[in-house]
Amino acid sequence: MRVIAIIPARLNSKRFPRKLMEKINGIPLIVMTYKNLLAMNVFDEIVVATDSLEISNAIKKNGGEVFISKKKHFCGSDRVSEASNNFKSDIVINVQGDEPFVNLKSIKKIINFFRDKINKNIPVVSLMYKTNDTTIIDNENCVKVVIDKNSFAMYFSRSKIPFLRSLDKNFNFFIHVGVYGFLSKSIIQFSSLKPSKLEKLEMLECIRFIENGQKIKMIQTEKPTIGIDTPNDLIEAKKYLDSI
């Protein structure tokens with residue numbers, strides 16, 4: 001089974017422009033994400049898919065492989081889909097460029113899930129973690145996911161879901177992590193679907209699958225990661241690195 005990682009990377013994020021070239025301890029964020037995956041030594045190939053020559057040059061300077069997008073894309077997974085057509089794979093793992101601290105154990109969970117023949121017809125998996133930290137739950141940049149009894153996603157939202165009509169201080173919410181595992185045919189299928197209504201309202205690409213009647217299997221990780229969505233997240237990331 002050939003497993004490749006594709007990192008979608010655009011320079012001009014609306015919420016935090018040029019964030020992928022912001023430096024953490026002297027290293028551009030996109031380079032840190034790339035090097036983190038490289039150090040895992042579990043991928044047959046790692047590719048950064050981007051429309052930015054600046055990002056491309058930073059990755060190539062560090063010995064990485066780059067695919068330059070030829071189309072405009074609505075979301076990262078669309079960019080991953082275009083790139084995946086140019087590389088041989090059975091499984092494509094999409095790690096967002098702003099997720100530099102995804103851990104090896106979580107990635108292995110995705111790979112091992114697909115290696116189990118019982119899961120051969122499940123097209124997409126993604127990651128989540130549990131928390132009852134209100135600062136995370138109330139943050140619109142921390143995407144909440146509700147799941148069914150078989151751990152398939154029912155819906156993703158920036159809003160706090162589910163709504164707790166009866167206050168339960170011990171209730172744990174699931175927070176989505178920006179990592180997806182696709183069967184190679186499934187990432188192509190994803191991009192063949194037009195951006196859906198709810199996807200555009202929430203600006204969450206994962207909703208496209210659900211809105212088109214398909215399933216995303218959610219895999220729980222043991223501890224949260226730090227995704228870089230805002231300048232404050234960058235500060236927290238630097239504190240995290242200083243603490244380890």
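**Cavity, pockets and overall fold**

The largest cavity is bounded by S77, V124, Y180, F182, F190, E205, C206, F209 and I216. A cavity is here a set of points, on a 1 Å grid over the protein atoms alone, where a 1.4 Å probe fits but cannot get out, and lining residues have an atom within 4 Å of a point. The structure is a predicted model, in which local features need pLDDT of at least 70 and side-chain atom pairs count only at pLDDT 80 or more, whereas totals for chains, interfaces and linings use all residues. Residues are numbered from 1 along each chain as its sequence is written, and side-chain values use heavy atoms, with hydrogens and water left out.

The volume of the largest cavity is about 40 Å³, where a volume is the space filled by probe spheres set on grid points joined across faces, edges and corners. The whole structure contains one cavity of 30 Å³ or more. Seven nonpolar residues, one polar residue and one charged residue form the lining of the largest cavity; Ala, Val, Leu, Ile, Met, Phe, Trp, Tyr, Cys and Pro count as nonpolar, Asp, Glu, Lys and Arg as charged, and the others, Gly among them, as polar.

Pockets were identified as open sets of grid points with protein on both sides within 12 Å along at least five of seven lines. The largest pocket occupies about 1,300 Å³. Its lining comprises 44 residues, of which R15, K19, D98, N141 and D229 are the closest to the pocket centre. At least two lining residues of the largest pocket come from each of strand 1 (3–9), helix 3 (76–84), helix 5 (134–137), strand 10 (173–183), helix 7 (197–202) and helix 9 (231–243). Strand 10 supplies the largest share, five residues. By class, the lining of the largest pocket has 18 nonpolar, 12 polar and 14 charged residues.

The second largest pocket has a volume of about 270 Å³. Among its 14 lining residues, P100, F101, V102, Y240 and I244 are the closest to the centre. Helix 1 (29–40) and helix 9 each contribute at least two residues to this lining, which divides into 10 nonpolar, three polar and one charged.

Helix 1 consists of 12 residues and extends 17 Å from its first C-alpha to its last, close to the 16 Å expected at 1.5 Å a residue, the expected span being 1.5 Å times one less than the number of residues. Buried positions (under 20% relative accessible area with a 1.4 Å probe, protein chains only) in helix 1 are L29, I30, V31, M32, T33, Y34, L37 and M40. N41 follows helix 1 and has a positive phi, near 60°.

No disulfide, defined as a pair of cysteine sulfur atoms within 2.5 Å, is found in the whole structure. For both C75 and C142 the closest cysteine sulfur is that of C206. The separation is 9.4 Å for C75, too far for a bond, and 14 Å for C142, also too far. C75 is buried, at 11% relative accessibility, as is C142, at 16%.

The protein chain contains nine helices and 11 strands, assigned as DSSP runs numbered from the N terminus (helices H or I, at least four residues; strands E, at least two). Its radius of gyration is 17 Å, in agreement with the value near 18 Å for a compact globule of 244 residues; this radius is taken over C-alpha atoms, and the globule rule is 2.2 Å times the number of residues to the power 0.38. The C-alpha trace spans about 55 × 40 × 35 Å along its principal axes, and buried residues account for 54% of the 244 residues.

Methods
Buried < 20%, exposed > 50% of the residue type's maximum accessible area, 1.4 Å probe, protein only.
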